[in-house]
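Here are my notes on the aromatic side chains and the nonpolar core, in case they help while you have the structure open.

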Amino acid sequence: MATGTSENHQLFSPTEMMAEAEKFALSKASKTSSMTLSLAIMAGAFIGLAFLFYITVTTGSADAGWGLSRLAGGLAFSMGLILIVICGGELFTSSVLSSISWANKQITFTKMLSIWGKVYVGNFVGAMFLLALVSAAGLYQLDGGQWGLNALNIAQHKLHHSPVQAFALGVLCNLLVCLAIWLTFSSANAMTKAMMTVLPVAMFVSSGFEHCVANMYYLPLGKMLDSSVSWQSIIVSNLVPVTLGNIVGGIFIIGLGYYYSFNRKNKLEVDQNE
């Protein structure tokens, strides 16, 4: 029993973390379509809950100062990734790490895209499900309607990025989200995994970086509060460039970046030793 506890608290080296990442990536391809979709729906709802928490924490916090208010909101939002990591869920922004399995030639490019598609659709369904509950509960009326006004102001801000800005903010966002996931590969302990995700997530949220799954909930919420917000602007002005940015940030900077730093290096060292 003591041995198991000791192993549970062991911290893995970067090379060992790469091995854990390869297992994580391959696990995406081993799930059935129904399991992937159901876990993606859960993840979409979890991220929506996290943004709901963010809105509640930041509403009426002007006196606290811009930075501290956003930090509090970012810390609250980290609940979403903690729920996914600990309880289980398929999140599009971390599913792009399945690119490691493609680089390892364990799955085809078509299979990788299929995984992404299922998760993306499932995340959207989960976000819409939560939005329906929020609408039915009338949460936008909290604090004399200030909750809804705060949500609408943030949604409108997200829709006024240029395509280049939205793309770059998407890259920066998933750089941090995938780093948060990568940090969880350093330990088998659930509490350690949860704590590892907090600061990277708090940074991306407080800095205003763009997360496509969060926006699947947030922007339709803005449309619900203001009918002048169009689906065309939600999709074209935000979701498309942000999703592309999330893919680039997750695959090329973190996923394949670490893969080629550790995996290829290890293979070269083996070849040289032979």
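The points below go from the core to the ring pairs and then to a charge over a ring.

1. First, a caveat: this is a predicted model, so read every value below as computed from it.

2. The largest nonpolar core has 70 residues. The members that touch the most others are Phe 77, Phe 92, Trp 147, Trp 182, Phe 204 and Tyr 217.

3. Take Phe 77 from that list. Once neighbours within four places in sequence are set aside, Phe 77 is in contact with Ile 47, Ala 50, Phe 51, Val 201, Phe 204, Val 205 and Ala 214. Phe 204 is thus both a contact of Phe 77 and another of the core members touching the most others.

4. I also looked at the rings: there are 12 aromatic pairs in the structure. One of them joins Phe 51 and Phe 77 edge-to-face, with 5.2 Å between centres and 75° between planes. Phe 51 sits in helix 3 (residues 33–58) and Phe 77 in helix 4 (residues 66–87), so this pair ties together parts 26 residues apart in sequence. Both Phe 51 and Phe 77 are buried.

5. Another edge-to-face pair is Tyr 259 with Tyr 260, at 5.0 Å centre to centre and 85° between the planes. How buried or exposed are the two partners? Tyr 259 is buried, at 4% relative accessible area, while Tyr 260 is partly exposed at 40%.

6. Ring pairs also link up into a cluster of Phe 24, Trp 182, Phe 185, Tyr 258 and Phe 262. Trp 182 is the one to click on if you want to go back to the core list.

7. Last, a charge over a ring: Lys 158 lies over the face of Tyr 218, 5.9 Å from the ring centre.

Notes: Residues are numbered from 1 along each chain as its sequence is written. This is a predicted model: local features need pLDDT of at least 70, side-chain atom pairs count only at pLDDT 80 or more; totals for chains, interfaces and linings use all residues. Side-chain values use heavy atoms; hydrogens and water are left out. A nonpolar core is a set of buried Ala, Val, Leu, Ile, Met, Phe, Trp, Tyr and Cys residues joined through side-chain atoms within 4.5 Å. Buried means under 20% relative accessible area, exposed over 50%, partly exposed in between (1.4 Å probe, protein chains only). Contact means heavy atoms within 4.5 Å. Rings of Phe, Tyr and Trp (its six-membered ring) pair if their centres lie within 6.5 Å; planes under 30 degrees apart count as stacked, over 60 as edge-to-face and the rest as tilted. Helices (H or I, at least four residues) and strands (E, at least two) are DSSP runs, numbered from the N terminus. A charge sits over a ring if NZ of Lys or CZ of Arg is within 6 Å of the ring centre and within 35 degrees of the ring normal.
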